[in-house]
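Work through the exercises below with the coordinates open. Each task is followed by a solution in steps.

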Amino acid sequence: MSQTSDSCLDKWMGREALAEAMIPVIGRLYRENNVVTSIHGRSLINKSTMNILKAHRFARRMSNHELLLEETAPLLNALSELELGAAAIDIARLTEKYRAEGNGASLDEYLRSELAEIVGKRGADDRTSTDVVLYGFGRIGRLLARILIEKAGGGHGLRLRAIVVRKGADNDLVKRASLLRRDSVHGSFEGTIRVDEEANTITANGVQVQVIYSDNPATIDYTEYGIKDALVVDNTGRWRDADGLSQHLQSKGVARVLLTAPGKGDLKNIVHGINHRDISDDDKIVTAASCTTNAITPVLKAINDKFGIIHGHVETVHSFTNDQNLIDNFHKGDRRGRSAALNMVITETGAAKAVAKALPELQGKLTGNAIRVPTPDVSMAILNLNLEKGTTRDEVNDFLREMSLHSDLRKQIDYIDSPDVVSTDFVGSRRAGIVDGLATISNDKNLVLYVWYDNEFGYSCQVVRVMEEMAGVNPPSFPARDVIAPIAVLETAGA
């Protein structure tokens, strides 16, 4: 083995050692201080050494600088000495900001100034706890449970207290727990799950969840289980209007309702990042729109604000769902009765029209259609747009990349320019949509964008953001202000 190879291996092992040392520090910050650390939105809680290394490598395509463990490890150690109160801290953005604005200050001095609001508060959390009930426990319900359990922390914020289902078998509880534990698309649950059939509870990573059997949303007494002023998240899709969803409000212990589907009538369709501030205390029932609406609306807003949209067509290439048949059989909808596993199926989508509910300036400017394809998760929206202002491919890509880094939509919009990415690469993405920069087509005022989205997990993350907004339990986020770096075209991303 050459000296060069030895040096590479030594360097790698040194980075591994730094990442290993970060794990207990990340854990203490989370458990003792209610501090959630991340790298460009990717949580570091309960991550392995390799995942931490990959998160640092991922940061290479999110900024103009390599994110070095030699910088982030000391920063984490310094954070652990500050007795911080509850917060969400992006160590990549904080490192970048210190690098740009430190002005000779020591790391400790800079952090004390930047985080002055929470320094010395040791775990103090001004948020009130909000009880959450998941009404339904299907694809979205189980992913919401995983995210809520992951974010349980010290018990503040959103607290998953119960799920409500119709009893399907004598061993129903065991089956529900098994489906939470194992998922063909999203992998195994990260942690431990215990079932108490006598008490009808599932305990996951210390979070005890009451399983309630009912087929009537109006007659459940949640207070019997110590649940009060709960936010009920209806992920059954059975009721989509105010009359149907208001049944939940008749049950004791319920304060508000969120629907994980597009709502009908005058219900507010909320896309977090776009119109979540429209939620008022008087809104007892709110909807989180659809996965496609959440994926495309942030990108459409960014493009409309910058270049203006005259008209556009949205074509969705969408993974099949449980609404379709595995093999040919009767279905009330056109074409959906044909085998989902064997066919591409043209069907309708209301996403183009639904965008206008969150973004009224696009009212009447969009049309849409959908093709269901034989994949279990991750979809794509193709946005064919006519613009008011001409542009180039590079200008659009640079702009959207910058939006993914430094704008108020950075939790919603992601950007990638790798030549080999395919749909499975986006399973588990927490962004609403990911712009594929290499697929962008621009011809002056005609623009075509390709936007990937995890129609299950990415959408579930958006739903949780709406839940946090409704409950008013968002922790302070740092750094509060970004360093705005000059826009530059990224090199091709790699693993």
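**Exercise 1. Disulfides**

Task: find how many disulfides the whole structure holds, and check Cys-291.

Solution. The model is a predicted one. A search of the whole structure returns zero disulfides. For Cys-291, the nearest cysteine sulfur belongs to Cys-461 and is 13 Å away. A disulfide requires the sulfur atoms to be within 2.5 Å, so Cys-291 is in none. As for its surroundings, Cys-291 has a relative accessible area of 15% and is therefore buried, the limit being under 20%.

**Exercise 2. Aromatic pairs**

Task: state how many aromatic pairs there are, and classify the pair of Tyr-98 and Tyr-110.

Solution. The count is four aromatic pairs. One of them is formed by Tyr-98 and Tyr-110, with ring centres 5.1 Å apart. Their planes meet at 45°, so this pair is tilted. Next, place the residues: Tyr-98 is in helix H4 (residues 91–101) and Tyr-110 in helix H5 (residues 107–114), twelve residues apart. Last, compare accessibility: Tyr-98 is partly exposed at 25%, whereas Tyr-110 is buried at 8%.

Task: classify the pair of Phe-307 and Phe-399, and say which helices it ties together.

Solution. The centre-to-centre distance is 5.9 Å and the planes are 85° apart, which makes the pair edge-to-face. Phe-307 belongs to helix H9 (residues 291–307) and Phe-399 to helix H11 (residues 393–406), so the pair joins parts 92 residues apart in sequence. Phe-307 is buried, at 2% relative accessibility. Phe-399 is buried as well, at 15%.

**Exercise 3. Charges over rings**

Task: identify the ring faces over which Arg-42 and Lys-167 lie.

Solution. Arg-42 lies over the face of Phe-58, 3.6 Å from the ring centre. For Lys-167, the ring is that of Tyr-213, and the distance to its centre is 5.3 Å.

**Exercise 4. Strands around E15**

Task: give the direction and the number of bridges for E13 with E15 and for E14 with E15.

Solution. Strand E13 (residues 309–319) and strand E15 (residues 366–373) run parallel and are joined by eight bridges. Within this pairing, Ser-319 has Val-373 of E15 as its bridge partner. Strand E14 (residues 345–347) runs antiparallel to E15, with three bridges. Here Val-345 is partnered with Arg-372 in E15.

**Exercise 5. Nonpolar cores**

Task: determine how many residues the largest nonpolar core has, and which have the most contacts inside it.

Solution. This core has 78 residues, and Leu-134, Ile-303, Leu-383 and Met-467 have the most contacts inside it. Its largest share, nine residues, is contributed by helix H12 (residues 457–471). Take Leu-134 as a sample: beyond neighbours within four places in sequence, its contacts include Leu-144, Leu-148, Ile-163 and Val-233. Another core lies apart from the largest one; it has 34 residues, among them Leu-53, Leu-76, Ala-92 and Tyr-110.

**Exercise 6. Cover of a helix**

Task: decide whether helix H10 (residues 351–358) is mostly covered or mostly uncovered, and find what covers its buried residues.

Solution. Six of the eight residues of H10 are buried, and the helix is mostly covered. The buried residues are Ala-351, Ala-352, Ala-354, Val-355, Ala-356 and Ala-358. The cover over them includes strand E11 (268–269), H9 and E15.

Technical notes
Residues are numbered from 1 along each chain as its sequence is written. This is a predicted model: local features need pLDDT of at least 70, side-chain atom pairs count only at pLDDT 80 or more; totals for chains, interfaces and linings use all residues. Side-chain values use heavy atoms; hydrogens and water are left out. Buried means under 20% relative accessible area, exposed over 50%, partly exposed in between (1.4 Å probe, protein chains only). Rings of Phe, Tyr and Trp (its six-membered ring) pair if their centres lie within 6.5 Å; planes under 30 degrees apart count as stacked, over 60 as edge-to-face and the rest as tilted. Helices (H or I, at least four residues) and strands (E, at least two) are DSSP runs, numbered from the N terminus. A charge sits over a ring if NZ of Lys or CZ of Arg is within 6 Å of the ring centre and within 35 degrees of the ring normal. Two strands pair if DSSP finds at least two bridges between them. A nonpolar core is a set of buried Ala, Val, Leu, Ile, Met, Phe, Trp, Tyr and Cys residues joined through side-chain atoms within 4.5 Å. Contact means heavy atoms within 4.5 Å.
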